[in-house]
Amino acid sequence: MPTVISISQLISDIKNTVQANDALQDVWVQGEVSQFTQAAGSGHCYFRLKDGAATLECVMWRGQAAHLRRVPAHGDLVQAHGKVDVYPAQGRLQLVVDLLQPTGLGQLNQAFEALKARLLAEGLFDPARKRPLPAWPRRVGIVTSADAAALRDILRTLKARYALVDVLLASTLVQGSEAPAQIEAALQRLNRWSATVEPIDVIIVARGGGSLEELWAFNEERVARAIDASAVPVVSGVGHEVDYTIADFVADVRAPTPTAAAALVVPDQRDLRQQVAGLSGLLTTHLQARLVAMRREVQAHRRLLARVSPQQLIAYRRQRIDELLWRGQARIKGRMTLAHARVSAQQARVEALNPRQVLARGYAIVQQKISGAVVRQVRQVTPGERLRIQVTGGTFEAEVTTDDI
């Protein structure tokens, strides 16, 4: 029956075997640095060393890490001295490094610098080639993975800042050997859509942070050429703020993160509200001032029109006619008053000659009854003739006697 041992015992035996091998306790290795991190609390450094065929986990304790002249970057080719050990908690083989020294740039860094220098010489990084981003985009294209957290960050930022914008996603792999071709094809699809279906104002090429190897798809020449050939302005939002790729140099605008890329391509609705409120206030003030000026201008024109208006002249003529009428009426009234006075005087004179007035003084008018002739002389009458005598208050008849003649 076979002997069965525990996992802990097996890992312990492996650890003892490794530690008993003197060749593994004093070893130099060479490889490219990947995923170098330093724990904030302990100060220990954790990273990987890799070549074309294998990867080795490494740890460097705080005491040795304090002697590092420079923190190695992703892709740096280094030589590390230390001893091989086993980390029991994970059953992991690791190199405990006590000395780390650079031996030059790694293959990826060399390729990066070579492509960068060549594209720079061709003018693909020339600032004069950079196109400005539209101030009010209606449609934004995005080149990234549909499953990436970067996409969620971009969509959340676009919605919060400027929900009016339409979004078109050209999904693609963002790392691995197939990613460069897919990124190139995604850029071409969005450009065809913009040219034939509906215009796209700006394209965001994005992915989250990672090691140099994980971001390498954005350092490929075909991706750089596709960005350069894009008829639509391109914003590169690849990695974190410290990460730089060839895509960053070729793009019209480089953003430090995918979220920052989204913030760059659209305005902030809060700023827009403030601008609209400010412009509304300025417009109101301007219109009020303009209305005051126009009222003054209208009043001035009214005064000018009033001076030359036919209506004003007609009113003046009417006033003149009224004045002449008043004068004419006054003259006529004065003349009539004078005429009345004259008539009254004449009436007084006539009245003074009125026979009735004479009768009132005791005289009488004697008339022949038959002929009605006024008897002025005695010889006009004969005895026995009837006379009509008019006195004040009435008439009476009398008969002429012989004694009267």
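These legends go with a handful of close-ups of a predicted model. Residue numbers start at 1 along each chain as its sequence is written, and side-chain values use heavy atoms, with hydrogens and water left out. Local features need pLDDT of at least 70 and side-chain atom pairs count only at pLDDT 80 or more, while totals for chains, interfaces and linings use all residues.

**View 1. The largest nonpolar core, centred here on Leu 187.** A nonpolar core is a set of buried Ala, Val, Leu, Ile, Met, Phe, Trp, Tyr and Cys residues joined through side-chain atoms within 4.5 Å; buried means under 20% relative accessible area, exposed over 50%, and partly exposed in between (1.4 Å probe, protein chains only). This one has 33 residues, and Leu 187 is among the members that touch the most others, along with Leu 119, Val 143, Ile 183, Ile 203, Phe 218 and Ile 227. Helix 5 (179–196) is one of the elements that supply at least two residues each, and its five residues are the largest share. Helices (H or I, at least four residues) and strands (E, at least two) are DSSP runs, numbered from the N terminus. Not counting residues up to four places away in sequence, Leu 187 touches Val 143, Ile 203, Val 205, Val 223, Ala 226 and Ile 227 (contact: heavy atoms within 4.5 Å).

**View 2. Arg 139, a buried arginine in strand 6.** Its relative accessibility is just 12%. The Arg 139 side chain reaches the backbone oxygen of Pro 199 at 2.5 Å. Beyond its neighbours within four places in sequence, Arg 139 also contacts Val 165, Asp 166 and Leu 168, plus Glu 198, Ile 200, Asp 201 and Val 202.

**View 3. A salt bridge between Arg 131 and Asp 252.** Here N and O sit 2.9 Å apart; the rule asks for a side-chain nitrogen of Lys or Arg within 4 Å of a carboxyl oxygen of Asp or Glu. The partners are 121 residues apart: Arg 131 belongs to the loop between helix 3 and strand 6, and Asp 252 to the loop between helix 7 and strand 10. Arg 131 is partly exposed at 27%, whereas Asp 252 is buried at 11%.

**View 4. Arg 225 and Glu 221, paired along helix 6.** Their closest N and O atoms are 3.0 Å apart. The two residues are separated by about one helical turn because they lie four residues apart in helix 6. Shared partners join this pair with Arg 118 and Glu 122 in one salt-bridge network.

How values were computed:
Polar contact = N/O pair within 3.5 Å; in protein donor to acceptor, adjacent residues only side chain to side chain.
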